[in-house]
Amino acid sequence: MAESEPVTLPVQAGEKRGCSEDKEEEQTPSKKAKIESDQDNGGSPNQDEEELKEEASDEEEDGETFADMMKHGLTEMDVGILKYVSDHEGFSGILKERYSDFVVHEINKQGKIVHLDDLSIPADDQEVSVTEELPKESEVLTEEQKKQLSELQLFSNKEGSVFIEVVDDTKEKRTLVHKAIKTQFPGLETKTEEKEGRKFIVAYHAAGKKALAAPRKHFWPKNRGSFCHFALYKENKDTMDAINVLSKFLRVRPNMFSYMGTKDKRAITVQEIAVLKITAERLAHLNNCLMNLKLGNFCYKKHPLKLGELQGNHFTVVIRNISGTVEQVDQAMTSLRQTGFINYYGMQRFGTTAVSTQQVGRAILKNDWKEVVDLILKPRPGAEKEFLVRCREEWAKTQDPEAALKKLPNKRCVEGQLLRGLSMYGKKNIVTAFGLIPRNNRLMYIHSYQSVVWNTMVSRRIEAFGLKAVEGDLVLRGTTAHVLSAEEAESHSIHDIVMPLPGFDVIYPSHHIGAGYRELLSADGLDINNMRHKVKDYSLAGAYRRVIIRPTDVSWEVIRYDDPRISLVHSDFEKLENKPPPVFNKEGKYRALKMEFSLPPSTYATMAIREVLKLDTSIKKQTQLNTVWFN
């Protein structure tokens, strides 16, 4: 690709790295009014929410390119993202050409950047089984059996099983074989079968099956903290996917794990996780079999983690094939460091299809439940899995929830949950039927509407008053919003100013932008003075969010490279493996901008990058810029 061809790529094909797996997903505001910037980037997804994610095939309609499918998607203008803070000249580049170009390290509540740099087990970690100590497990299985079990464990033979004949048939011997398999090959389950008078222990792959065996009981020392905390390193996998994998291998429920925020999927990320009464030894065993995940830095503590406890995230981002000169890059990055960027909600907040999440949210707030169902289930143009297309067509044709539900191979998606609710409670009880969708997903719709209102009003605020505090702006004193007088505005900067997300427990700027909130909501059929809903869950308290964010720890360099397939970032895993850092050729064919910065919770790294490049970050816009690259 020529350097002049601009494209930002939020989604690309996978890449392979050595691991034997932009913000992050935003935590939605609770009903209590609060300071938005103090929230966690992560939502509060639970097991049910994760199950909404499709396990679908990659089918596309015949003859339709990715660009064709995305032409109906949203652009930044559609969600109120209109302004920049700096006047430097933008330049083109490729974001996330490889997932390793986007690296996120969590900043914990002590302000320390979380790294994976130690795979050792704490010295006092000795897992003691309730049952009597048995002979060494390593003496039980033959090398051939270990090879077969290893292949089974690594999904090489997922549907198969391994039969191990018990020659000296005693209960003690069988117990020893069972234990050896489960200890040495996490993720495998065992059972005893008898064939033709001979007894066999059968090992099979339990991961992904519903009927998981109950975990064995283990002695837990009283002086040891109940929670094992560890650093989770993952590649190209989101946080809930990773936790689901760990829970299946360990045979525990996903809600035994806690975390401070969810991380981006298409990236390399490192974050702290805590799990209840699972030893570091058991967790470390998983490093032998997991793909794209690595666990380390184990320690025991008396408490779990809570959403929002993190102080932020540190990003290492590579923008490949940049067109800007060194002077342009320096000007852009200096502006980012000194002034910052507009704290817009990024495009991830609003979905990628022709029916955006804020449209559904607006219908919920208007109590128009027929419209809610129509928006979620009606046929739509754009990127959709084939089975969803068939489901929507069936619904449009018959309005029969059971018939439409039969078109879905996976009933756990939002459409499936809603159709199941409609078939159970009938089309006259839509509120109850809608309630079958997990709470966090339902709230996502109304928070998306709040977000587009906030984006729109902040763009108007920047247009009207620029980058200075003015009379009528809001600042926070503690957790309370205060309206600035003309005299007070003189002693404040744009970095102090907050804007409200609409709700019943916030105040609005006293200048004309405040009145604009009322006009905008009124045009959408909503009353700003009545943000309480008949259904308590959908009552909006509102929140305050800083207008401008100034990143910390900002650094950058322009590097040259020849091979677009190589990683340009030295990951924690590669350091653990003693792999050398990437070597840059000063005369290389391509140029890349490697930048690092830290952001507080509830901010979008893509919006910081947008400020640097001066490019629309929506998938729709970028596919229009370079459809050839996508094809």
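Val 317 stands opposite Met 595 in strand 21, and this pairing belongs to a predicted model. Strand 13 (residues 312-320) and strand 21 (residues 590-599) pair in the antiparallel sense, with 8 bridges between them. The points below follow strand 13 and then turn to a pair of helices.

**Other partners of strand 13**
- Strand 3 (residues 102-107) also pairs with strand 13 in the antiparallel sense, over 6 bridges, and within this pairing Val 103 has Thr 316 as its bridge partner.
- Strand 2 (residues 94-95) runs antiparallel to strand 13 and is joined to it by 2 bridges, with Leu 95 matched to Ile 319.

**Burial of strand 13**
- Strand 13 is mostly covered, since 9 of its 9 residues are buried.
- On one side of strand 13 the buried residues are Gly 312, His 314, Thr 316, Val 318 and Arg 320, while on the other side they are Asn 313, Phe 315, Val 317 and Ile 319, and both faces are covered.

**Helix 10 and helix 12**
- Helix 10 (residues 386-398) packs with helix 12 (residues 414-425) at an angle of about 30°, and their axes lie 12 Å apart.
- Angles under 35 degrees count as roughly parallel, and helix 10 and helix 12 are therefore roughly parallel to each other; their crossing is left-handed.
- From helix 10, Leu 388, Cys 391, Arg 392 and Trp 395 meet Glu 415, Leu 419 and Leu 422 of helix 12.
- The residues of this contact between helix 10 and helix 12 divide into 5 nonpolar and 2 charged, with no polar ones.

Conventions:
Residues are numbered from 1 along each chain as its sequence is written. This is a predicted model: local features need pLDDT of at least 70, side-chain atom pairs count only at pLDDT 80 or more; totals for chains, interfaces and linings use all residues. Side-chain values use heavy atoms; hydrogens and water are left out. Axes are lines fitted to C-alpha atoms, for helices over the stretch in contact, and angles run from 0 to 180 degrees between N-to-C directions. Helices (H or I, at least four residues) and strands (E, at least two) are DSSP runs, numbered from the N terminus. Angles under 35 degrees count as roughly parallel, over 145 as roughly antiparallel, 65 to 115 as roughly perpendicular and the rest as oblique. A crossing is left-handed if the near helix is turned anticlockwise from the far one by less than a right angle, and right-handed if clockwise. Contact means heavy atoms within 4.5 Å. Ala, Val, Leu, Ile, Met, Phe, Trp, Tyr, Cys and Pro count as nonpolar, Asp, Glu, Lys and Arg as charged, and the others, Gly among them, as polar. Buried means under 20% relative accessible area, exposed over 50%, partly exposed in between (1.4 Å probe, protein chains only). Two strands pair if DSSP finds at least two bridges between them.
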